Amino acid sequence: MESIPDLIKKKRDGKELCDQEIKTFIQAVTNKTIQECQIGTKTFNEKIQHDVIGEVMSWPKEWEGCVVDKHSTGGVGDKVSLVLAPALAACGCKVPMISGRGLAHTGGTLDKLESIPGYNIHQSAIKIREILESVGCCIVGQTEMLVPADRVLYALRDATSTVDSLPLITGSIISKKGAESLSALVLDVKFGRAALYKDLQSAKELAQSLVNAGNGLGMRTGAVLSCMDATIGRFVGNSLEVIESLETLKGRGPDDLMELVTTLGGFLLMTTGSASNLSEGRKKISEAVTGGKQGVAKEMARLLCSAHSDYYSVLRKAKHQKELKTSAEGVAVDFDGLVLAEILHKLGAGRSKAGEPVNHSVGAELLVSLGQRVVKGEPWLRLHYEDPAPTQTRSVDCRARSLWGNTTTHKHNTKCH
């Protein structure tokens, strides 16, 4: 049997690994008998996703055709999953969503959920099935048995500068979804300055790779290309995004978030035959979100989901808030979502390496909308942060000011960078 260095050398030289060689590599990752530097230098072949799944979940026969999921390639303020999963469940679907943590500047769905005290992302396959039988959806993390090798590789992608590797992204996403035994999958592939892939063509290539891999595993797979320049919604940061998701489920969500939720959900309902076309699917998802069909169980859920919630009676509130003000009169025409994400990362909302904790209370609220006319000195963004506070001598504060102030400002064309 060839050694790990031999396999790496073979792949380095452009040769194709056979199935047994791929399995040898994956087993070494899972069993931790491989050095991390060897993992970092390995380029995944697209077909590796067949060998990293591990345990595959199974469902009752009566669920056939209605087990669905969605995945996003990552963005700023992307809380779509928190709204879409219960909406799909309310439409009769089963949603066993295996999610990940934040990588680089993008937020992680699991990090958002863990801002809710007592939320447990670690569930066995048996428990996931029980949850789906009870409420129709769940969002959980990987386990020792569910896509075990990908759990190791996912955590190393920051350290090896492979967060934006197309084969690694494909293998990571499709391996998790393959473990869910899905009937249908929709992928939200982002492009733009706040996305992992900046240009539309690269996003199209990733979308095609994901669709091919998903269909190859027998899942009816489709992809939506969406622009990720600014933010999704007005709230960025773990606990703040939970609040905005809850507001959306009460019919008070921002239009751009609802556009993504209804489009992605509508596609899944159309694909599974629950809707005759995309328009009908979007309407059903919209009604599920705004009609209050999602049930609640525990007392904490009732506190969060009641019509007039005091969210901070459950969620942690940041010690400090600071408002940034407009530098001139004008119209807001743009926000730089990447800069905002980098600021919040420095303030503690993200992690620089696997295993680091995140501060769930750190985040930001956009106080104005694109296209809105503003006057000089009007608050446009509110930062939520802990100690130490950002000051004018700290780079984070300078970066925050550059979101709005370091551009040429015209009376009718204020551009936020």
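## Exercises on a predicted model

Lys-190 has a relative accessible area of 2% and is therefore buried. Keep that in mind as you work through this predicted model.

**Exercise 1.** Find the salt-bridge partner of Lys-190 and decide whether that partner is buried or exposed.

*Solution.* Start with the pairing: Lys-190 forms a salt bridge with Asp-188, with 2.8 Å between the closest N and O atoms. Next, take the accessibility of Asp-188, which is 0%. Buried means under 20% relative accessible area, so Asp-188 counts as buried.

**Exercise 2.** Work out which parts of the chain are tied together by the salt bridge between Arg-193 and Asp-334.

*Solution.* First, the contact itself: the two side chains meet at 2.6 Å, N to O. Then place each residue. Arg-193 sits in the loop between β4 (184-191) and α9 (200-216), and Asp-334 in the loop between β8 (330-331) and α14, so the pair ties together parts 141 residues apart in sequence. Finally, compare the accessibilities: Arg-193, at 25%, is partly exposed, while Asp-334, at 13%, is buried.

**Exercise 3.** Describe the sheet that contains β9, and say which strands stand at its edges.

*Solution.* Begin with the order: four strands, β6-β9-β11-β7, make an open sheet with antiparallel pairing. β6 (235-236) and β7 (320-325) each have a single partner strand, so these two stand at the edges. Now look inside the sheet: four bridges join β9 (residues 363-366) to β11 (residues 379-385), and Gly-363 has His-384 as its bridge partner in β11. Last, add helix α14 (residues 337-349), which lies across β6, β9 and β11 and runs at about 30 degrees to β11.

Key: Residues numbered from 1 in each chain as written. Predicted model: local features only at pLDDT ≥ 70, side-chain atom pairs only at ≥ 80, totals over all residues. Heavy atoms only, no water. Pairing = 2+ DSSP bridges. Contact = heavy atoms within 4.5 Å. Axes fitted to C-alpha atoms, helices over the stretch in contact; angles between N-to-C directions. Salt bridge = Lys/Arg side-chain N within 4 Å of Asp/Glu carboxyl O. Buried < 20%, exposed > 50% of the residue type's maximum accessible area, 1.4 Å probe, protein only.
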